[in-house]
Amino acid sequence: MTALHWRFDTTFASLPEAFYAHVSPRALPSPELVMFNEALAIELGLANAQVAPEALAKACVGLDLPAHTVTLAQAYAGHQFGHFAMLGDGRALLLGEHLTPAGRRVDIHLKGSGPTPFARRGDGLAALGPMLREYVISEAMHALGVPTSRSLSVVRTGERVWRERANEGAILTRVAASHLRVGMMEYAAARDEGQHLLRLVDYAIGRHYPDCAHAKRPALALLEAVVAAQAELIAQWMSVGFIHGVMNTDNMALSGETIDYGPCAFMDVYDPATVFSSIDTQGRYAYGNQPAIAQWNLARLAEALLPAIDPDEDEALTLARAALEGFGQRYREAYLRRMRAKLGLTTPDGEDVALIEDLLAWMQTHQADYTQTLRQLARGGLPEAQRQADAALAQWHDRWQARLAAQGENLEATLTAMRAVNPVYIPRNHLVEAALAAATGPEADLSVLERLLAVLQNPFEERAGLEAYAEPDPQGGVGYRTFCGT
Ligand code: AMP
Ligand code: MG
């Protein structure tokens, strides 16, 4: 009996061997449990009562696996900042596809588990701070209702990891619908010995979009499905002010979940040019660029899929182009639907886009906090004093109120619905940093992080005493930087 109730299967290993390398979890001197997501463990049917933390730590990092488990590192390629490269899980490991009691199949994936044949020059390791960062932000995203990989645990390895200075090493155990990426399809297309591309297309369809198998052109149907899923996902990111930070094609999942949290962060002041990642000097992955970048990435997916779409190249190209062009409209519709809900607009009106854009323009000009402004509207409206001081805002406010009145619905009910989609609490950069500093500091104090997580688990319900968690950085957050390759 293992400490966690894994029910593993590894269908990925049925793909040609070019898609993976067999890698076993590495023995660790003294794995120590830092975070464990008990609620997720229960949801996944993993929880085992009365297991000691030491045993749990081992189980989380793959050192207590059921017999005959096949563990592997996946091969993929990707466009990184626009440039194609052959990649792969350099420091990650698929422990298995766990079958949940509800019948879902989820990847259990380690990050920071040691070098693999795809590590290139990397050490294969991860530092504690960035793994805790992925844990807290991915769990916050889930609570906000955004499709995402989840975080099951963070385990200290007991090793040192050098990143300019010595850090404690850690392994994150994450859970996702799969880790099939746009870049994996690029890899299949680039190494198309025999039927690699078709095999991966079939596999991705079976795993995420089974209906596509019955389409006249399954690969085209797959492209359309991924376009639709990504349009929805990016609209959600934009509506909550999330900046992924490193939207390389290898970090874009075919499932439509958010994966690979690196230099991501939430925007405070509304500004489409917001960039936090230290390596994104050109602002390629800035907040406002995300929809265009998603479409660019999907174009790389379309290119990879061309030979599978139709043997006639021209025909394949025409079909793929049409599928890609669907992204713009799908994205705009999804974004508008979410922003309408945020403003309490329940019936579509031709003026809605202008109403939304004018508010955003006002926020940008006045350096207003995106999350707080919207939540304030959901409390009933912006404060009278603020409107008195700003004629443009007052005018916008009147338009909005008139629009709500014209809907003829109960105002209280509208505001309640607005509060269910405008969060009070997001992972504010300064709070995340403070929590990580405490957790990785000499005291190894996890209490700050645990409190923050508890707040973020319930982002829409305003609670007394938690005011500081709703506030933007009192220092203004200017120059906030996040780091990649961590
Ligand atoms: P990322 O930008 O973090 O998604 O990583 C891009 C690629 O670099 C992936 O193939 C990773 O597996 C690989 N990689 C990142 N950090 C390391 C590391 N420390 N050791 C080995 N490979 C790494
Ligand atoms: Mg990645």
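The following exchange concerns a predicted model and looks at its ligand site, one helix and two loop residues.

Trainee: Which residues are the closest to ligand 1?

Mentor: Ligand 1 is surrounded by 17 residues, and by class this shell has 4 nonpolar, 6 polar and 7 charged residues. Of the 17, the closest are Gly88, Gly90, Asp123, Gly124 and Asn251.

Trainee: How many Å separate an oxygen atom of ligand 1 from a polar backbone atom of Gly88?

Mentor: Gly88 is listed among the closest residues to ligand 1, and here the protein atom belongs to the backbone. Between that polar backbone atom of Gly88 and an oxygen atom of the ligand, the distance is 2.5 Å.

Trainee: What percentage of the accessible area of ligand 1 does the protein cover?

Mentor: Side chains also approach the ligand: an N or O atom in the side chain of Asp123 is 3.0 Å from a nitrogen atom of ligand 1, and for the side chain of Arg163 the corresponding distance to a ligand nitrogen atom is 3.5 Å. On its own, ligand 1 has 480 Å² of accessible area, and the share of this that the protein covers is 86%.

Trainee: Which domains each give at least three residues to the shell around ligand 1?

Mentor: The shell is made up of 17 residues, and it draws on two parts of the chain, with at least three residues from each. These parts are domain 1 (11-179) and domain 2 (183-341).

Trainee: Why is helix H4 described as largely enclosed by the rest of the structure, and which elements cover its buried residues?

Mentor: Helix H4 spans residues 182-190, and because 7 of its 9 residues are buried, the helix is largely enclosed by the rest of the structure. The buried residues are Val182, Gly183, Met184, Met185, Glu186, Tyr187 and Ala188. What covers them includes strand E4 (72-74), strand E5 (77-80), strand E6 (83-86), helix H5 (196-208), helix H6 (218-240) and helix H7 (290-309).

Trainee: Is Glu164 buried or exposed?

Mentor: Glu164 lies in the loop between strand E9 (150-163) and strand E10 (165-176), and its phi is near 70 degrees, a positive value in a residue other than glycine. Its relative accessible area is 88%, and the cut-off for the upper class is over 50%, so Glu164 is exposed.

Trainee: Is Asp260 buried or exposed?

Mentor: Asp260 also has a positive phi, near 60 degrees, in a residue other than glycine, and its place is the loop between strand E11 (242-243) and strand E12 (265-266). Its relative accessibility is 9%, and the cut-off for the lower class is under 20%, so Asp260 counts as buried.

Notes
Residues are numbered from 1 along each chain as its sequence is written. Chains are lettered from A and ligands numbered from 1 in the order in which they are written. This is a predicted model: local features need pLDDT of at least 70, side-chain atom pairs count only at pLDDT 80 or more; totals for chains, interfaces and linings use all residues. Side-chain values use heavy atoms; hydrogens and water are left out. Helices (H or I, at least four residues) and strands (E, at least two) are DSSP runs, numbered from the N terminus. Buried means under 20% relative accessible area, exposed over 50%, partly exposed in between (1.4 Å probe, protein chains only). Contact means heavy atoms within 4.5 Å. A residue is near a molecule or strand if one of its heavy atoms lies within 4 Å of it. A polar contact is a pair of N or O atoms within 3.5 Å; within protein, one must be able to donate a hydrogen and the other to accept it, and residues adjacent in sequence count only if both atoms are side-chain atoms. Accessible areas come from the Shrake-Rupley method with a 1.4 Å probe; for residues, only the protein chains shown count as cover. Ala, Val, Leu, Ile, Met, Phe, Trp, Tyr, Cys and Pro count as nonpolar, Asp, Glu, Lys and Arg as charged, and the others, Gly among them, as polar. Domain bounds come from an automatic or database domain assignment.
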